[in-house]
Amino acid sequence: MARTLLLGAEAALPTTVAAASSFSQATVVRLYNSDSGAHLVTLLDSSYQGIGSMTLAAGATEYLEKNHSDLLLAANAAVKGAKVGFTV
């Protein structure tokens, strides 16, 4: 059974491209939408080029795997992220 290994503090995802965060070079980020509405989460490469995006439903939690240099931002600061890993 895999368990979540907490590797960093939870913080609001930035809401602008210029402030996008790698979450301390994380390869897995736990995302949580604390708002009552859905919000878009966007993944960028280290050159700030879009890789993809997804909508995170209200109250939803998702684990996003990414390259260590990739950056995240959200449409609303209610989306929180934390650097995590997994143990067996």
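Visitor: In which strand is the place of Ala74?

Guide: In this predicted model, Ala74 has its place in strand β7.

Visitor: Why is Ala74 called buried?

Guide: The relative accessibility of Ala74 is 3%, and buried means under 20% relative accessible area, so Ala74 counts as buried.

Visitor: What does Ala74 touch, not counting residues up to four places away in sequence?

Guide: With those sequence neighbours left out, Ala74 touches Leu13, Pro14, Thr15, Leu40, Val41 and Val79. The C-alpha atoms of Ala74 and Val84, which lie ten residues apart along the chain, are separated by 18 Å.

Visitor: Which residues make up the largest nonpolar core?

Guide: That core has twelve residues in all, namely Leu13, Phe23, Ala26, Val29, Leu31, Val41, Leu43, Leu56, Leu64, Leu72, Ala74 and Val79. Strands β3 (28-33), β4 (39-44) and β7 (71-74) each supply at least two residues of this core. As a general background, nonpolar side chains in soluble globular proteins tend to be buried together. Val41, one of the core residues, touches Leu13, Leu31, Gly52, Ser53, Met54, Leu56, Leu72, Leu73, Ala74 and Val79, again not counting residues up to four places away in sequence.

Visitor: How do you know that β4 pairs with β5 and with β7?

Guide: Two strands pair if there are at least two bridges between them; six bridges join β4 to β5 (residues 50-56), and four bridges join β4 to β7, so both sets satisfy the criterion of at least two. The strands run antiparallel in the case of β4 and β5, and likewise β4 and β7 run antiparallel. Thr42 stands opposite Ser53 in β5, while the bridge partner of Leu43 in β7 is Leu72.

Visitor: What makes β5 and β7 the edge strands of the sheet?

Guide: The open sheet of three strands has the order β5-β4-β7, and β5 and β7 are its edge strands, each pairing on one side only. Neighbouring strands of this sheet are turned by 20° against each other on average, with direction ignored.

Visitor: Why is Tyr48 called partly exposed, and where does Tyr48 lie?

Guide: Tyr48 lies in the loop between β4 and β5, two strands that form a hairpin with five residues between them. Its relative accessibility is 41%, and partly exposed covers values between 20% and 50%, so Tyr48 counts as partly exposed.

Visitor: Which value of phi does Gln25 have, and why is Gln25 called partly exposed?

Guide: Phi of Gln25 is near 65°, a positive value in a residue other than glycine, and Gln25 has its place in the loop between β2 (11-12) and β3. The relative accessible area of Gln25 is 44%, so Gln25 is partly exposed.

Notes: Residues numbered from 1 in each chain as written. Predicted model: local features only at pLDDT ≥ 70, side-chain atom pairs only at ≥ 80, totals over all residues. Heavy atoms only, no water. Core = buried A, V, L, I, M, F, W, Y, C linked by side-chain atoms within 4.5 Å. Buried < 20%, exposed > 50% of the residue type's maximum accessible area, 1.4 Å probe, protein only. Contact = heavy atoms within 4.5 Å. Axes fitted to C-alpha atoms, helices over the stretch in contact; angles between N-to-C directions.
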